[in-house]
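Biologist: Hi! Could you walk me through this structure? I'm new to this, so plain words please.

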Amino acid sequence: MGLSGKLVSQTNIKSDGGDLLFELFRYKLSYVPFLCPQIIHTADLVAGQWGAVGSVITCNYTVDGEKKFFKAVLETLNEKKRSITYKVVEGHGLERFTSFKITFSISGCERDLVVKWTFEYERKSECVPHPHELVDLCSTITKQIEHCYSLVPN
């Protein structure tokens with residue numbers, strides 16, 4: 001069995017905010033802790049400009065009751081496909097993996113949107129479990145943000 005892996009989470013949401021959600025994860029990631037305070041504690045820009053390829057962010061969060069941290073570089077951005085890929089360069093993810101990428105994308109329109117999280121990674125050994133806890137975490141974040149957007153009047 002190979003050490004490379006890929007996990008995908010898809011969450012259907014009923015929101016008019018597909019473009020807003022993409023902009024949130026591109027330019028306003030620092031707002032996510034206000035929307036999901038029990039999960040995401042900080043999301044900070046440490047180099048570059050928000051939403052620019054090559055920019056560096058850090059994130060402190062809780063997964064499975066443990067506080068974690070990662071530093072990532074915005075590696076690719078596709079406005080047409082509403083897709084953003086971050087490459088983890090430090091912290092959680094690299095403890096168990098030699099490489100780790102997270103892609104966030106939104107498809108659909110109007111009130112039928114699909115938020116997709118894709119995790120691509122290479123495990124350090126066969127003993128390392130696949131990061132299912134992160135898939136679950138991102139699904140929870142998506143649902144919490146959807147709930148917040150549903151509270152915003154059109």
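Modeller: Happy to! Keep in mind that this is a predicted model. Let's begin with strands β3 (residues 56-63) and β4 (residues 66-78), which run antiparallel and are joined by eight bridges.

Biologist: Which residue of β4 stands opposite Ile57?

Modeller: That is Ala72. Further along, Asn60 has Phe69 in β4 as its bridge partner.

Biologist: And how many residues sit between β3 and β4 in their hairpin?

Modeller: Two residues. Asp64 is in that turn, and its phi is positive, about 50 degrees.

Biologist: Cool. What about β4 and β5, how do they pair?

Modeller: They are antiparallel, with eight bridges. For example, Thr76 is partnered with Thr85 in β5. The hairpin of β4 and β5 has four residues between the strands, and Arg82 there takes a positive phi near 50 degrees.

Biologist: What holds paired strands together in general?

Modeller: Strands of a sheet pair through backbone hydrogen bonds, in either a parallel or an antiparallel way.

Biologist: Zooming out, how many strands are in the sheet, and in what order?

Modeller: There are seven, in the order β1-β7-β6-β5-β4-β3-β2, with antiparallel pairing, and the sheet is open.

Biologist: Why do β1 and β2 each have one side without a neighbour in the sheet?

Modeller: Because β1 (4-13) and β2 (40-47) stand at the edges, each has a single partner strand. On average, neighbouring strands in this sheet are turned by 25 degrees against each other, ignoring direction.

Biologist: New topic: helices! Which strands does α1 lie across?

Modeller: Helix α1 (residues 18-27) lies across β1, β4, β5 (83-91), β6 (97-109) and β7 (112-123). Against β6, α1 runs at about 155 degrees.

Biologist: Which residues have the most contacts inside the largest nonpolar core?

Modeller: Leu21, Phe25 and Phe119, in a core of 39 residues. Helix α3 (residues 132-150) gives the most to this core, with six residues.

Biologist: Is there any empty space inside? How would you even look for it?

Modeller: You roll a probe the size of a water molecule over the atoms, and that shows where empty space is left. Here the count is one cavity of 30 Å³ or more. The largest cavity holds about 340 Å³ of space.

Biologist: Which residues lie nearest the centre of that largest cavity?

Modeller: Cys59, Phe70, Ile102, Trp117 and Cys138, out of 23 that line the largest cavity.

Biologist: And which element supplies the largest share of that lining?

Modeller: Helix α3, with four residues. Elements that each supply at least two lining residues include β2, β3 and β5.

Definitions and conventions
Residues numbered from 1 in each chain as written. Predicted model: local features only at pLDDT ≥ 70, side-chain atom pairs only at ≥ 80, totals over all residues. Heavy atoms only, no water. Pairing = 2+ DSSP bridges. Axes fitted to C-alpha atoms, helices over the stretch in contact; angles between N-to-C directions. Contact = heavy atoms within 4.5 Å. Core = buried A, V, L, I, M, F, W, Y, C linked by side-chain atoms within 4.5 Å. Buried < 20%, exposed > 50% of the residue type's maximum accessible area, 1.4 Å probe, protein only. 1 Å grid on protein atoms, 1.4 Å probe; cavity = no way out; pocket = protein on both sides within 12 Å on 5 of 7 lines; lining within 4 Å. Points joined across faces, edges and corners; volume = space filled by probe spheres on them.
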